[in-house]
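Below are my notes on the model, as numbered points. They begin with helix packing and then turn to single residues and the chain as a whole.

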Amino acid sequence: QLQIAEVTTTSMEAYNHFLKGKENYDLWNHIDAQRFLEKAVELDPTFAIAYYYLALTHHRLGDNKSRDETLEKAKAFSEKASEKE
C-alpha cells in the first residue's frame with residue numbers, strides 16, 4: 001500500500017478519500033470508487049494518482065469521454081508523481 005509520503009498530495013483528507021476510492025475500485029464498487037476519487041481530486045486538484053484511478057473507474061463504468069479527460073489530467077500532473085506512483 002502506498003504511504004502518504006509516496007503520493008502527490010499533502011492533503012490528508014484527499015489522501016484518505018483516495019485510499020477509500022482505491023479500495024472500492026479494487027473491490028469493483030465503481031460508483032463508490034468514483035465518488036471517493038472525485039472528492040480526492042476536488043480537495044487536491046493536482047493529485048495525479050487519484051486522477052489515474054478515477055480514469056480507470058470511468059473506463060470500468062463505460063464513460064470513455066470522462067476517462068480520456070481524466071487521464072489527461074493525470075498525465076498533466078504526473079511530473080509531480082513519485083517514482084513508485
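1. In this predicted model, the contact between α1 and α3 is made on the α1 side by Phe18, Lys22 and Tyr25. Their partners in α3 are Ile49, Ala50, Tyr53, Leu56, Thr57 and Arg60. By class, the residues of this contact are six nonpolar, one polar and two charged.

2. The geometry of the pair is as follows. Helix α1 covers residues 12-26 and helix α3 covers residues 48-60; they pack at an angle of about 30°, and their axes are 10 Å apart. Angles under 35 degrees count as roughly parallel, so α1 is roughly parallel to α3. The crossing of these two helices, α1 and α3, is left-handed.

3. Helix α3 also packs against helix α4, which spans residues 64-76. Here the angle is about 165° and the axes are 8 Å apart. Since the cut-off for roughly antiparallel is over 145 degrees, α3 and α4 are therefore roughly antiparallel to each other. The crossing of α3 with α4 is left-handed.

4. What does α3 bring to its contact with α4? The α3 residues are Ala48, Tyr51, Tyr52, Leu54, Ala55, His58 and His59. From α4 come Asn64, Ser66, Arg67, Thr70, Leu71, Lys73 and Ala74. The residues of this contact divide into seven nonpolar, five polar and two charged.

5. Thr9 deserves a look. Thr9 sits in the segment before α1 and is buried, because its relative accessibility is 5% and the limit for buried is under 20%. The Thr9 side chain makes a polar contact with the side chain of Asp44, at 2.6 Å. A polar atom of the Thr9 side chain also lies 3.0 Å from the backbone nitrogen of Ser11. The side chain of this buried threonine thus has polar partners in both Asp44 and Ser11.

6. Is Thr8 buried or exposed? Thr8, also placed in the segment before α1, is buried, with a relative accessible area of 7%. Its C-alpha atom is separated by 8.6 Å from that of Ser78, although the two positions lie 70 residues apart in chain numbering, counted as their separation along the chain.

7. Trp28 should be checked by eye. Its phi is near 65°, which is a positive value in a residue other than glycine. Trp28 is placed in the loop between α1 and α2, the latter being residues 30-43. Its relative accessible area is 56%; the cut-off for exposed is over 50%, so Trp28 counts as exposed.

8. For the chain as a whole, the secondary structure comes to four helices and zero strands. The order from the N terminus is α-α-α-α. The protein chain has 85 residues, of which 38% count as buried; Thr8 and Thr9 are among the buried residues.

9. On contact range: taking contacts between residues at least 6 apart in sequence, 50% join residues at least 24 apart. The α1 and α3 contact, with Phe18 in α1 and Ile49 in α3 among its residues, may be viewed alongside this figure, as may the 8.6 Å C-alpha separation of Thr8 and Ser78.

Terms used:
Residues numbered from 1 in each chain as written. Predicted model: local features only at pLDDT ≥ 70, side-chain atom pairs only at ≥ 80, totals over all residues. Heavy atoms only, no water. Axes fitted to C-alpha atoms, helices over the stretch in contact; angles between N-to-C directions. Parallel < 35°, antiparallel > 145°, perpendicular 65-115°, else oblique. Left-handed = near helix turned anticlockwise from the far one by under 90°. Contact = heavy atoms within 4.5 Å. Nonpolar A, V, L, I, M, F, W, Y, C, P; charged D, E, K, R; others polar. Buried < 20%, exposed > 50% of the residue type's maximum accessible area, 1.4 Å probe, protein only. Polar contact = N/O pair within 3.5 Å; in protein donor to acceptor, adjacent residues only side chain to side chain.
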